[in-house]
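Notebook open, coffee at hand. Today I want to go through the contact between two chains, then a few spots inside them.

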Amino acid sequence: MPEAKELLQMLGIVREVGVIGSLITGALILLVRDWRAMLLALLGQYVAVGFILAQLIPPEIALIKVLVGALICPMLYLAARQSGWSVLAKVDPAQPFSKEVTGMRDPLPWTGLAFRALALCLVFVLATVLIRDYPLPGVPPDVGLSCYWLMLVGVVVLMLSGQPLLAGPGLLTALTGFELLYTLLESSLVIMFLLAGVNLLLTAAISYLAAVQGLNALREES
Amino acid sequence: MIDPPLWLIILPLGAAIPVYLLRRWRFGSHLAAFVSIFAGILAAILPPTNPMHLVGRTFLLDPLTQYTLAIHFIASAWLYVAGQPLRLGRHFLPLGLCISGLFAVAAMSRHLAISSLAMTLAAIAAVPVIQDERPGSVRGSWRFLVIMCLALPFFLLAAWHIDLYREDAGHAVYLPQAAVLLALGFGLWVAAFPVYSVLTTISAFSSPVSGVLVLIGFPMMALTLLGHVLAEATWFSWWEQTGRMLLLAGLASVTLGGLLVSIQRTLRAMLGYAALFDLGCLLIALAVQGTQGAVALYAGLATRAIGLMLLGIATDTLLKEVGEDTLAGLHGIGRRQPLTTVALTIGSFTLTGTPLAAGFAGRWLMLRDLVQLDERWVWLVVLASLGVVTAYLRALYTLLRVDKITPHASHAALGLWLPISVSLILSLAAIALGVFPNPILRVASMLITLYPLPRLIVQ
């Protein structure tokens, strides 16, 4: 029976595919405001990061990262569903958390698609400048670009939204970018497991907050 | 055989499950309070121990950790007792215990990566505590979660740099980077200027008692870990720069807190800005240590807990009694709740360091140290204190007004005698420590001998 690493090589999955995948999924998380598409992009991102890591660290550890990601996305999905996704689904995807639904004022009403596309371009330029001027130690340049890209995209998503269900994937993306770097530097299994625990519990906290907001939305509707 | 300090981790974490099951009954809160107070006494009286090894990492119960954990555990116990009749959410007691256990892990660990991960887990556990099952805005808990999680990468990278240096001194070239990363991480954790809005939103959007649990614990543990780095890290040598940064952040926090508290219209928002003001004073006390070392800081940590508990319990009692905490809606309520009104006033005086309140001695020492550096800064702190005092005197005036009594639908069927009794005891303690500050100053002086912090700004 082939080992996981051989299996990945047999499938022809290489690091570059993971890097491109992380760039695309990061861009989607910033551009798309429909939370369902965002969750799919987040799932894709964990798989892409898993592909990158599988080439650089023992595949078993890379697999843990993918499994954590595979748990995170359903948790967020279930939270959104349990908190009344029917209410959220009725709303314009461009403004899923308008004042009418959440009872809260959208703090950034001008963050339309054009604005986010421009922000995306600037983030890409910044990531390439950073990887050129401040290469990450012990990390191949293409992987370093992915790290910077995911961290910056995550921070920008956090800046553009204050709603847990929309900004939560941004926070998770920023942490994934950091973990991509940190996993290559730190080999301690205790810390890796603790990081996985942080990710899962963080998702539980985001889900909890999303559920609270969903209940608010349902209350508004009734 | 389990090392005795490990009980400080095991006890609160182990008690969380039975407390969760018993949370609906008063016994649940009493059990949580009993475990917490027992752990607090244990933290205070344990003799010095040798370093322990757990999962390959070193753990040590030093005097500073003993002191801060004892304060946190005992303050938590009071809040658990007072919180049960105030109908806090079902997560308050069990997750409060989990947070305490994780604080013990963070403070005893001598590896920054473990400490920062434990602090982040504690922050995640604090989210339902802050939200407290309330409908409405999630802004306070969300902002807190984001800031605490964003600090984690800085600490993990700093820890990696330090580990490299420990393995090979040739990596000393990375130490300045580690210092910068630590500065960023601690800046986020302490939540002083410029990320102070974390503190103020927690207070404004949470139940006061559960908010106070977070406002006491997290900044205190961040200062404890900063103290460990300053006192124990042999590689750290940027004392002067650290001192200047702490002084700047402290002065900015004090000014903002003192200035903005006076324009707040709700008691919860005022509590957040008063906490910011006091945190600024602690940072100044750490930065500017005079001839007596960090006595002002050590004394300030204890009096901050008393002041915040008083403000939190009193604010929550009024909130439950009236159903709102806007000043406009509290006209005349002070006459129906005189003890709570007194507790609110004494709590604010304790935080501002007014004479005859518990915070006075520590604040006086801090100002005496600060005047050696620059007299103008002393005036700045005094003016900011006046801002906080004025804001709470305005609240007192509103609470006692007889000409414009708002008709209140009494919600007092909850039986608020327990939180009122707790606030009465704490008020008496605050006054006693204000009139006779020797016990707290003696403990702080003892701690200076056992765990001296380096002087950061040489005057």
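Looked for salt bridges across the interface of chain A and chain B, taking one as a side-chain nitrogen of Lys or Arg within 4 Å of a carboxyl oxygen of Asp or Glu. The rule finds zero. I then tried polar contacts (N or O atom pairs within 3.5 Å; within protein, one must be able to donate a hydrogen and the other to accept it, and residues adjacent in sequence count only if both atoms are side-chain atoms). Two residue pairs turned up across this interface, both at pLDDT 80 or more.

Ground rules for myself: this is a predicted model, where local features need pLDDT of at least 70, side-chain atom pairs count only at pLDDT 80 or more, and totals for chains, interfaces and linings use all residues. Residues are numbered from 1 along each chain as its sequence is written, chains are lettered from A and ligands numbered from 1 in the order in which they are written, and side-chain values use heavy atoms, with hydrogens and water left out.

Next, which elements give two or more residues to the A side that touches B? I find α9 (164–185) and α10 (189–221) of chain A, helices here being DSSP runs of H or I with at least four residues, numbered from the N terminus. α10(A) gives the most, 16 residues. By class, I get 23 nonpolar, six polar and two charged residues on that side; nonpolar covers Ala, Val, Leu, Ile, Met, Phe, Trp, Tyr, Cys and Pro, charged is Asp, Glu, Lys and Arg, and the others, Gly among them, are polar.

The buried area (accessible area, 1.4 Å probe, that two parts lose on being put together, summed over both) is about 2,600 Å², with 83% from carbon and sulfur atoms. Val198(A), Tyr208(A) and Leu209(A) supply 20% of what chain A buries against chain B, more than any other three residues.

Moved on to Leu86(B), in the loop between α3 (63–83) and α4 (92–108) of chain B. Is Leu86(B) buried or exposed? Buried, because its relative accessibility is 0%, and the cut-offs are under 20% for buried, over 50% for exposed and partly exposed in between (1.4 Å probe, protein chains only). Beyond four places in sequence, its contacts (heavy atoms within 4.5 Å) include Val209(B), Asp316(B) and Leu416(B).

Last stop: Thr352(B), in helix α13 (338–352) of chain B. I have Thr352(B) as buried, at 3% relative accessible area. Its side chain makes a polar contact with that of Thr354(B) at 3.0 Å.
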